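Please look over the model below before reading on. My notes are brief and come as numbered points.

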Amino acid sequence: MTTILKFKRKNGDYKYTKTNLEWTTESGIHYICYPFLIYKDEHSKTYKLTHMSCGALICSTSYLHSAKYIATRLLPLPQWLLPTQDLVNHMTEQQKRYCTDIISRYRDETKERITDLDKNCPFTI
């Protein structure tokens, strides 16, 4: 199984952008491993994986482990280090497909199920 990134758990303010691209500041427990931020949306009761530099939502998951795992699998793409929201426009079609496949395969899966899926994951960069 892929080694999961070490996210630092923090309690305090964090920022992200909403669909209107305006920065929103919230306060509470969140997890940071640059370039990713994970926080729990209290309205939808889901974990949100976001890109720290631009605040854009990458995906929503039911489990914290799923969000951490997806971030781990996406990190090898160098575009995540760009400080801009249009970083996806700098990806090749293969890289975009890789991101979509990883997110759809592992979103909302339990830790045990992720371990099973990881054994046979056909997606690589």
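The points below go from the overall fold to two individual residues.

1. Status. This is a predicted model. Please read each value here as computed from that prediction.

2. Fold order. The protein has five strands and three helices. The order from the N terminus is β-β-β-β-β-α-α-α. The radius of gyration is 14 Å, close to the 14 Å that the globule rule gives for 125 residues, so the protein is as compact as a globular protein of that length.

3. Extent. The C-alpha trace spans about 40 × 30 × 25 Å along the principal axes of the protein.

4. Burial and surface. Of the 125 residues, 45% count as buried. The exposed area of the protein is about 7,200 Å². Carbon and sulfur atoms supply 49% of that area.

5. Contact range. Take the contacts between residues at least 6 apart in sequence. Of these, 45% join residues at least 24 apart.

6. Charge. The protein carries 18 positive and 13 negative charges. The mean positions of the two sets are 5 Å apart.

7. Ile38. Which strand holds Ile38? Ile38 sits in strand E3, which covers residues 36–41. Is Ile38 buried or exposed? Its relative accessible area is 0%, so Ile38 counts as buried, the cut-off being under 20%.

8. Around Ile38. Leaving out residues up to four places away in sequence, Ile38 touches Phe7, His30, Tyr31, Tyr47, Lys48, Leu49, Leu64, Ala67 and Lys68. How far is Ile38 from Ile58 in space, C-alpha to C-alpha? The distance is 10.0 Å, with their positions 20 residues apart in sequence numbering.

9. Thr61. Thr61 belongs to strand E5, residues 57–61. Its relative accessibility is 1%, so Thr61 also falls under the 20% cut-off and counts as buried.

10. Polar partner of Thr61. What lies 2.8 Å from a polar atom of the Thr61 side chain? The backbone oxygen of Tyr63 does.

11. Around Thr61. Residues up to four places away in sequence are again left out. Thr61 then touches Thr46, Tyr47, Ser66, Ala67, Ile70, Arg107 and Asp108. Tyr47 and Ala67 are on this list, and Ile38 touches both of them as well.

12. Summary. Ile38 in strand E3 and Thr61 in strand E5 are the two sites to inspect in the viewer. Ile38 is buried at 0%, and Thr61 is buried at 1%. Tyr47 and Ala67 touch Ile38 and also Thr61.

Conventions:
Residues numbered from 1 in each chain as written. Predicted model: local features only at pLDDT ≥ 70, side-chain atom pairs only at ≥ 80, totals over all residues. Heavy atoms only, no water. Helix = DSSP H or I, 4+ residues; strand = E, 2+ residues; numbered from the N terminus. Rg over C-alpha atoms; globule rule 2.2 N^0.38 Å. Buried < 20%, exposed > 50% of the residue type's maximum accessible area, 1.4 Å probe, protein only. Contact = heavy atoms within 4.5 Å. Areas by Shrake-Rupley, 256 points an atom, 1.4 Å probe, with all protein chains shown as cover. Lys, Arg positive; Asp, Glu negative; His and termini not counted. Charge placed at Lys NZ, Arg CZ, Asp CG, Glu CD. Polar contact = N/O pair within 3.5 Å; in protein donor to acceptor, adjacent residues only side chain to side chain.
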